[in-house]
Amino acid sequence: RQLPALRRRCYIAGKRLSGTGLATEGRVLRAVLYVYHSRLLRHRPYLALQQVEQCLKRLWKMNLVGCIETLAGLIPKKNTSQAHAECLVPSQPMLETVALKVLGGCKLILRLLDCCCKGFLLSVKHLCSEEFILLNTVALGLLSRLWFVIQYRCALQSLMSLYGMLSTSLHLVSETQQMPYIKGFTFPSDISNFLGVNVSSEVKKQKARMLTTKKPTSWLKKLFPTMPEAVSEVGKKRNFATCTSAVKNCSIPCPVDIGETVL
């Protein structure tokens, strides 16, 4: 009876970890670090981005998704009709390996969320001091999107649910046939005690810190001067002709080659 639920948890966890959003944000992060590598080696938000990229790299290198998919492939898809009928189940070494990787993946995702939060706060701080405006603006958007993608897809919660099913299945399989593979480590029955924090409360704290941070608005007014009152009135009335003439009379310089291809 545990096998269909275990297969379902494996499918959900693998799907939420292998989404395109997390991989896309990781590629953008690597591109940003590559561009600014020679300029900002000791800049604190840049170092925070490096820590986030290191967590992502370790998460991909441990091949957690592939291990979960392998376990799901070993579970028979057809349910036995009789209650006491024999069926093939994953071995204890396989269950122990996946459970250990799930524990490590949960730790890494917690560390990743913490690094995203710290990097976001550092970028806001340096942005308020009008330092490296372009990099910090890109970092703010990237870190907030990465943090949101992980929370929106519930990657950590799905891994914690998967570990609960793995722990139950591992206990049943070990009672049937003792084949210990990982020695010197006791698998925790409750993953929350192993992680050491309450995941829901920790995420709420991070979200509150990111939302209540001082917003950098002074430098925005310097970069983008206030529009004339006539232009704002035209915007309200949605008069396209008057709006076009007001934009032409604006003192902001416009590049000549705006329509040319940038190599």
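# Briefing: helices, salt bridges and selected residues

Asn63 has a relative accessible area of 45%, which makes this residue partly exposed. The model is predicted. The protein chain has 12 helices and 0 strands, and its contacts with a separation of 6 or more come to 85% from residues 24 or more positions apart. A search of the whole structure finds 4 salt bridges. Among them are a pair formed by Glu25 and Arg145 and a network of Arg111, Asp114 and Lys118.

**Overall architecture**

- Along the sequence, the pattern of the protein chain reads α-α-α-α-α-α-α-α-α-α-α-α, with 12 helices and 0 strands in the count.
- The protein chain has 263 residues, of which 38% count as buried.
- About 16,900 Å² of the protein chain is exposed, and 58% of this area is supplied by carbon and sulfur atoms.
- Among contacts in the protein chain with a separation of 6 or more, 85% involve residues that are 24 or more positions apart.

**Salt bridge between helices H2 and H6**

- Glu25 and Arg145 form a salt bridge in which the closest N and O atoms are 2.7 Å apart.
- This pair links distant parts of the chain, since Glu25 belongs to helix H2 (residues 20-35) and Arg145 to helix H6 (residues 133-152), with their positions 120 residues apart.
- Glu25 counts as buried because its relative accessibility is 5%, and the cut-off for buried is under 20%.
- Arg145, at the other end of the pair, has a relative accessible area of 48% and is therefore partly exposed.
- Side chains of opposite charge can pair when their charged atoms come close.

**Salt-bridge network in helix H5**

- Asp114 forms a salt bridge with Arg111, with 3.8 Å between the closest N and O atoms.
- Both Asp114 and Arg111 lie in helix H5 (residues 92-128), where they are 3 residues apart, or about one turn of the helix.
- Asp114 also meets Lys118 in a salt bridge, at 3.2 Å from N to O.
- Lys118 and Asp114 are separated by about one helical turn because they are 4 residues apart in helix H5.
- Arg111, Asp114 and Lys118 are joined into one network by salt bridges that share partners.
- Asp114 has 18% relative accessibility, so this residue counts as buried.
- Arg111 counts as partly exposed at 38% relative accessibility, and Lys118 counts as partly exposed at 42%.

**Positive surface patch**

- Arg8, Arg9, Lys15 and Arg16 gather on the surface in a patch of positive charge.
- Arg9, one of these residues, has its place in helix H1 (residues 2-17).
- With a relative accessible area of 35%, Arg9 is partly exposed; the patch criterion requires over 30% relative accessible area and no salt bridge.

**Loop residues**

- Asn63 is found in the loop between helix H3 (44-61) and helix H4 (64-74).
- Although Asn63 is not a glycine, its phi is positive, at about 55 degrees.
- Pro188 lies in the loop between helix H7 (155-176) and helix H8 (191-195).
- Pro188 is buried, its relative accessible area being 17%.
- With neighbours within four places in sequence left aside, Pro188 is in contact with Leu103, Tyr163, Ser167 and Phe194.
- Pro188 and Tyr163 are 25 residues apart along the chain, and their C-alpha atoms are separated by 9.8 Å.

**Val138 in helix H6**

- Val138 is found in helix H6, the helix that also holds Arg145 of the salt bridge to Glu25.
- The relative accessible area of Val138 is 33%, so Val138 is partly exposed.
- Val138 and Val32 are 106 residues apart in sequence, with a C-alpha to C-alpha separation of 8.4 Å in space.

Terms used
Residues numbered from 1 in each chain as written. Predicted model: local features only at pLDDT ≥ 70, side-chain atom pairs only at ≥ 80, totals over all residues. Heavy atoms only, no water. Patch = residues over 30% accessible without salt bridge, like charges linked within 9 Å, V, L, I, M, F, W, Y side chains within 5 Å. Areas by Shrake-Rupley, 256 points an atom, 1.4 Å probe, with all protein chains shown as cover. Salt bridge = Lys/Arg side-chain N within 4 Å of Asp/Glu carboxyl O. Lys, Arg positive; Asp, Glu negative; His and termini not counted. Charge placed at Lys NZ, Arg CZ, Asp CG, Glu CD. Helix = DSSP H or I, 4+ residues; strand = E, 2+ residues; numbered from the N terminus. Buried < 20%, exposed > 50% of the residue type's maximum accessible area, 1.4 Å probe, protein only. Contact = heavy atoms within 4.5 Å.
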